[in-house]
Amino acid sequence: MPKLELHLHLEGAAPPAFIRGLAQEKKIDISGIFDEAGNYRYKDFWDFLKVYEAATSVLTSPSDYARLTRAVLEESAASGVIYSECFLSPDFCGGRDLGAWREYLHAIREAADQAERQDGIILRGIITCIRHFGPEKARETAVCAAETAGDWIVGFGIAGDEKAGKPRDFLWSFDCAREAGLRLTAHAGEWGGPDSVRDALNDLRVERIGHGVRAIEDLVLVDELAERGTVLEVCPGSNIALGIYPTWRAHPIGQLYDRGVKVTVSTDDPPFFHTTMTREYDRLADAFDWDAGVFETLSRTALDAAFCDSKTKTTIAKKLEAAHA
Ligand code: ADE
Ligand code: ZN
């Protein structure tokens with residue numbers, strides 16, 4: 001089944017063997033972030049963020065990001081992904097220096113173009129600031145985003161520790177990105193409750209919410225999301241691996257879907273959470289008895305909510321139609 005993925009962190013999708021190999025090449029010791037089996041090891045979400053940043057520390061050049069992009073897109077294509085939007089952070093790509101960022105972006109785009117020619121998978125970028133790095137750094141990130149906004153960089157967002165600061169602290173950055181024509185999304189309702197989702201929607205005026213699942217704790221908000229047509233980038237395997245919900249059946253995506261909220265499915269940081277898009281689909285089918293029709297609805301929701309241009313959407317729509325004919 002062809003799949004669309006709207007929520008994937010490029011560094012978070014790095015296979016551990018890829019990061020280990022790069023660390024060995026560069027003689028950087030990050031052995032503490034792996035377990036005996038060679039997988040990423042972390043205790044909780046906040047430890048995950050540290051491990052993520054340690055893994056990312058070995059990605060030090062545009063060519064490293066080109067190799068990473070190729071490795072990630074190979075995995076995505078193997079899961080049947082035909083369109084993907086990935087989060088990119090100028091924080092990790094040249095320390096928010098605009099000249100350096102342009103070089104990283106050029107390398108990532110070249111690798112993405114090559115993957116599209118080879119496997120047909122289409123990638124677009126959403127620049128994301130990191131909440132716990134603070135509003136000042138987010139402004140520099142937003143400037144990088146505004147300066148490189150266009151047909152490939154299609155959106156702006158915020159990730160990181162949802163408990164650090166408030167969405168309105170990042171207002172300048174989101175206004176800057178919006179004025180540059182970028183579409184907006186924000187991580188919310190993952191570690192924060194319904195008010196965190198409300199703040200992201202009302203203060204930052206984003207059109208999509210990354211995760212958003214904890215909206216389920218307030219059914220008035222759930223109805224509002226359904227009425228407004230706000231799209232949630234739901235990452236069930238991520239939420240379960242990080243302990244927000246104990247099981248697939250306990251995950252609120254089923255209830256949100258049943259209540260008319262526009263949900264989509266993504267992997268977030270797949271190797272960290274031992275998941276793939278194929279696994280997400282399989283587990284959801286098992287947990288909620290979802291049939292092919294539901295997954296087709298998810299794909300169409302993702303296509304409508306994608307930040308790419310209409311020509312790209314037409315290409316993807318044709319692939320979906322051919323698969324579901
Ligand atoms: N960065 C990478 N994965 C994330 C997540 N699940 N939540 C917030 N920030 C992230
Ligand atoms: Zn995320």
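Ligand 1 sits among His9, Phe45, Phe48, Tyr52, Ala159, Gly160, His187, Glu190, His211, Asp268 and Asp269 in this predicted model. Take a moment to find these residues in the view, since several of them will come up again. Which residues make polar contacts with the nitrogen atoms of ligand 1? On the backbone side, a polar atom of Gly160 is 2.9 Å from a nitrogen atom of the ligand. Among the side chains, an N or O atom of Asp268 lies 2.7 Å from a ligand nitrogen, and a polar side-chain atom of Asp269 is also placed 2.7 Å from a nitrogen of ligand 1. Taken on its own, ligand 1 has 270 Å² of accessible area, and the protein covers 97% of this.

Now turn to the metal. The zinc ion (ligand 2) is held by four donor residues: His7, His9 and His187, each through NE2, and Asp268 through OD, at 2.1 to 2.2 Å. Three of these names should be familiar, for His9, His187 and Asp268 also surround ligand 1. Along the chain, the zinc donors follow the spacing H-x1-H-x177-H-x80-D. Both His7 and His9 are buried. Why is the zinc arrangement called irregular? The angles subtended by its four donor atoms run from 87 to 170°, whereas a tetrahedral site would need all angles between 85 and 135 degrees.

Next, have a look at the packing of the protein itself. In soluble globular proteins, nonpolar side chains tend to be buried together. Here the largest nonpolar core contains 93 residues, and Ile19 and Phe156 have the most contacts inside it. A second core, separate from that one, has 14 residues, including Leu4, Ala302, Ala305 and Ile316.

Finally, consider the cysteines. How many disulfides does the structure hold? There are zero. A pair of cysteine sulfur atoms would have to be within 2.5 Å to count. For Cys86, the closest cysteine sulfur belongs to Cys93 and is 9.6 Å away, so the pair is too far apart for a bond. Cys144 also has its closest cysteine sulfur in Cys93, at 9.7 Å, again too far for a bond. As for their surroundings, Cys86 counts as buried because its relative accessibility is 1%, and Cys144 is buried too, with a relative accessibility of 1%.

Notes: Residues are numbered from 1 along each chain as its sequence is written. Chains are lettered from A and ligands numbered from 1 in the order in which they are written. This is a predicted model: local features need pLDDT of at least 70, side-chain atom pairs count only at pLDDT 80 or more; totals for chains, interfaces and linings use all residues. Side-chain values use heavy atoms; hydrogens and water are left out. Buried means under 20% relative accessible area, exposed over 50%, partly exposed in between (1.4 Å probe, protein chains only). Donors are N, O and S atoms within 2.8 Å of the metal (3.2 Å for Na, K and Ca); water is not among the atoms, so sites may look incomplete. Four donors count as tetrahedral if all angles lie between 85 and 135 degrees; four count as square planar and six as octahedral if opposite donors are over 155 degrees apart and all others between 65 and 115; anything else is irregular. A residue is near a molecule or strand if one of its heavy atoms lies within 4 Å of it. A polar contact is a pair of N or O atoms within 3.5 Å; within protein, one must be able to donate a hydrogen and the other to accept it, and residues adjacent in sequence count only if both atoms are side-chain atoms. Accessible areas come from the Shrake-Rupley method with a 1.4 Å probe; for residues, only the protein chains shown count as cover. A nonpolar core is a set of buried Ala, Val, Leu, Ile, Met, Phe, Trp, Tyr and Cys residues joined through side-chain atoms within 4.5 Å.
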